[in-house]
Amino acid sequence: MKNTKKLVSVLLVAMLLITTVVASSASASAAGTLTSYYKTNPNNQVGTQKTISIDGDLSDWNSSMLIAQGTANDDPRVYRENSMHELPVDLYALYGAYDDNNLYLMWEMTNVGDVVCPEQGYVTSQGILWQTQELPFFIVIDTGKTADAIGNQGQLQTGGTLWASGLTFGRSFNRIISINTKAQNGPFVYGGDSTGLNAVEIYDRTTSGIKMKYGLGIVSDKVYGIDKGYGSNNGRVVGDMCSDSSAWVEFNSKGHSSSTMDFFYEMSIPYSELGITKSDVTSNGVGAMVISTFGLSGMDSLPYDLSMNDNADQPDTQSQEINTFEKSDEDHITAAFARIGAQGDSPIIVTNPTTPTTPTTAPTTVPVSEPTNSLTVNGKSNLFSSSTQTDLNVGDTVTVNYNLTANKQVASAQWSLAYDSSKLRLKSSATSDFGAACTVVNATGNPVYGNFTDAESPLDLTSGGTFVSAEFEVLANGSTDVTLTVDELNVFNGSNLVSPVENGVVKTVSGVTLTPTSEVVPGVVTQNLTVKGTSNLFKAATATFDAETNKVTVTYQLKSSVKVIDSEWKLTYDSSKLTLDSVVMPKVNAPALSYGTGYVNGNFTDSDLVDFTSMSDFVVATFDVKGTGTATVNLNVVNLGVAKYSGSTANVAYLVSNGAVKDITSQSGFSGYTYDTNTLINEGGVLVGDVDLNGVVNINDATLLQRYLAEFTTLSTNQLRAADVNKDGKINVKDVTAIRRMLLN
């Protein structure tokens with residue numbers, strides 16, 4: 001069941017490596033049988049009884065605790081030519097232990113880029129950098145208890161998958177623990193029943209007794225994997241880990257440094273949070289699996305499941321074709337879990353929820369009060385006031401705004417927005433006034449997730465601002481809720497960071513005053529078009545145009561103190577209001593562009609580097625106007641690398657990695673790095689083609705431009721911006737022709 005999907009402001013990862021080559025039964029899946037390099041509970045090992053100190057030190061762990069073995073260099077990106085420009089997510093080995101009170105897990109991750117792609121400076125910089133990625137882990141636990149076994153293939157009770165990860169399961173389990181790679185956000189523990197996962201965590205980071213640490217190095221003394229570099233030209237084919245005749249090597253013997261490139265995570269989980277006791281572990285055993293992600297999907301698992309590899313060689317049409325589709329596909333996991341304490345296996349999952357028994361007494365009849373020929377939309381939240389709009393008809397648009405005024409500066413926030421997709425369609429990504437520091441994940445999905453973090457330049461909302469705004473199209477009649485759940489809200493009270501909202505709980509904090517309101521605003525019939533330019537990197541901009549406007553240009557500008565070596569991005573726009581005319585990267589020689597309805601994918605790599613040391617146009621998109629109302633143009637930068645050369649070797653740092661804007665000043669060679677961005681709409685209020693700046697493009701503008709070219713008149717700076725209609729950086733007769741073509745549509 002492979003489709004597209006995904007999450008948010010968040011994602012996970014993990015890596016594995018082999019200790020010894022011991023013959024054992026290979027793991028199997030529907031797609032094939034893994035080679036004997038992969039093992040689950042090798043030699044019938046089920047972990048050992050031992051108390052582990054969760055301190056980021058490996059001394060408590062040894063090879064007798066190994067419960068699942070993977071291999072190095074099986075990251076899905078190795079199957080795509082020139083795609084290994086990000087840190088790999090290879091899980092290598094999983095270990096287990098237990099004592100009177102806790103279950104213990106440790107997993108190893110390896111980065112063999114120092115052998116397979118030494119030319120990729122960012123990949124080979126140092127293993128420990130991986131923990132800066134802030135990607136999620138999913139730790140799946142099967143206790144064997146049928147009372148709280150999670151069915152429905154592990155999908156959410158409300159539909160979809162946890163954190164929009166696209167992960168479903170062919171075996172039942174009882175808990176999923178989610179935590180990010182920095183071991184800072186979470187852990188969050190989720191449970192459920194036969195109808196699926198509950199979207200609300202049982203425990204969060206303030207009430208959970210789970211501990212987690214990471215450190216450099218691994219227990220495994222040998223690191224096995226396929227050594228064919230990466231990319232199709234190196235002979236990697238999907239499923240090559242199912243063949244003993246593949247180019248298997250021991251990477252340490254080829255110069256790999258586990259002490260500097262590989263690392264581990266260790267975790268303790270109290271039995272109380274799993275609903276079990278030590279006797280359950282020793283008599284029946286506990287199943288465990290660790291899953292890592294990158295982008296929008298699972299990328300690796302221990303024990304290994306071949307769903308992590310089935311689309312590895314396919315282009316990712318959901319983000320950038322240079323990527324592997326494994327970053328966006330859906331994964332149905334069928335591999336057996338590794339066992340701790342005792343052997344055994346989890347029951348096959350109940351595919352569909354059990355039909356409830358018909359009650360012996362008739363249910364109480366509740367009068368139906370909602371309208372039958374219109375829709376009522378209720379804006380709800382745990383923080384913001386409620387609001388309602390009635391008498392909305394199918395086909396209408398409605399916008400739900402959550403507005404916030406705060407007497408203190410906002411340092412960070414995290415939220416989710418849920419709605420009934422049978423009654424409302426999200427027209428474009430949910431937005432906010434938080435600018436480039438705000439990351440929106442699963443932008444057009446349900447729910448939408450968002451987070452904002454900028455402690456150095458906190459958000460000033462003393463005059464108010466839009467916390468979250470979402471525009472919907474009405475699909476059906478009745479009544480429905482749009483619910484914004486604020487999980488975290490942190491503000492500066494003097495020099496102290498305080499939390500008016502923590503783990504979804506709204507608190508009263510002395511000295512902090514918040515005024516959170518909401519409004520449900522019906523679409524207004526208007527002859528105006530409001531265009532919003534948004535991005536995860538570039539500053540936001542908004543401009544409103546009247547009915548005479550026939551062209552709109554959104555320009556994303558970048559200033560970087562270090563030259564740019566590569567980038568990949570996705571531009572989305574409201575195709576009901578705008579028709580794409582052109583997309584250009586003026587400073588880039590022949591960028592790769594691919595087009596679809598409502599979006600453009602772009603990427604480039606230039607080893608000669610592109611100079612953005614002065615504020616310059618990065619992406620310029622021009623549209624024909626075909627509708628009124630509000631249209632959002634969003635540029636999501638997936639990756640953006642800057643580089644410095646030392647001889648012929650490029651030292652690369654990624655300002656944007658997997659959609660997240662990074663602080664690269666801690667990376668060697670980039671301590672003084674600075675950047676700035678800007679977004680212009682019709683060149684900062686100037687309408688393209690409107691040479692006389694009267695707000696309308698007509699024949700007078702073509703005539704004025706001809707007079708300028710004949711040197712009968714001069715033009716101001718803004719007039720010259722409006723005159724460069726074809727965006728080639730020159731003012732000439734081609735622009736006159738472009739204006740005339742605009743007038744002829």
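This report describes the overall make-up of a predicted model, then the pairing around one strand, a cavity and a single residue.

**Overall composition**

The protein comprises 745 residues, of which 56% count as buried. Its secondary structure consists of eight helices and 45 strands. Contacts between residues at least 6 apart in sequence are dominated by long separations, in that 75% of them join residues at least 24 apart. The accessible surface of the protein amounts to about 28,800 Å², and carbon and sulfur atoms account for 47% of that area.

**Strand β30 and its partners**

Strand β30 covers residues 478-493. Its pairings with strands β22, β25 and β31 are set out below, each with one example of a bridge or of residues standing opposite each other.

| Partner of β30 | Sense | Bridges | Example pair |
|---|---|---|---|
| β22 (residues 375-381) | parallel | seven | Leu375 and Gly478 |
| β25 (residues 410-419) | antiparallel | nine | Ala418 and Thr483 |
| β31 (residues 496-502) | antiparallel | five | Phe492 and Leu497 |

The pairing with β22 is parallel, whereas that with β25 is antiparallel. Strands β30 and β31 also form a hairpin with two residues between the strands. Within this hairpin, Gly494 adopts a positive phi near 70 degrees.

**Cavities**

Two cavities of 30 Å³ or more are present in the structure. The second largest of them encloses about 40 Å³ of space. Its lining is formed by Phe138, Gly154, Leu162, Ser165, Leu167, Phe169, Ile176 and Leu197. By class, this lining divides into six nonpolar residues and two polar ones, with no charged residue. Gly154 and Ser165 are among the residues that line this cavity, and glycine is counted as polar in this classification.

**Residue Asn102**

Asn102 lies in strand β7, which spans residues 102-110. Is Asn102 buried or exposed? The relative accessible area of Asn102 is 16%, and the residue is therefore classed as buried, the cut-off being under 20%. Leaving aside residues up to four places away in sequence, Asn102 touches Ala97, Ile269, Pro270 and Tyr271. The residue at position 102 thus combines a place in β7 with contacts that include Ile269, Pro270 and Tyr271.

Methods
Residues numbered from 1 in each chain as written. Predicted model: local features only at pLDDT ≥ 70, side-chain atom pairs only at ≥ 80, totals over all residues. Heavy atoms only, no water. Helix = DSSP H or I, 4+ residues; strand = E, 2+ residues; numbered from the N terminus. Buried < 20%, exposed > 50% of the residue type's maximum accessible area, 1.4 Å probe, protein only. Contact = heavy atoms within 4.5 Å. 1 Å grid on protein atoms, 1.4 Å probe; cavity = no way out; pocket = protein on both sides within 12 Å on 5 of 7 lines; lining within 4 Å. Points joined across faces, edges and corners; volume = space filled by probe spheres on them. Pairing = 2+ DSSP bridges. Areas by Shrake-Rupley, 256 points an atom, 1.4 Å probe, with all protein chains shown as cover.
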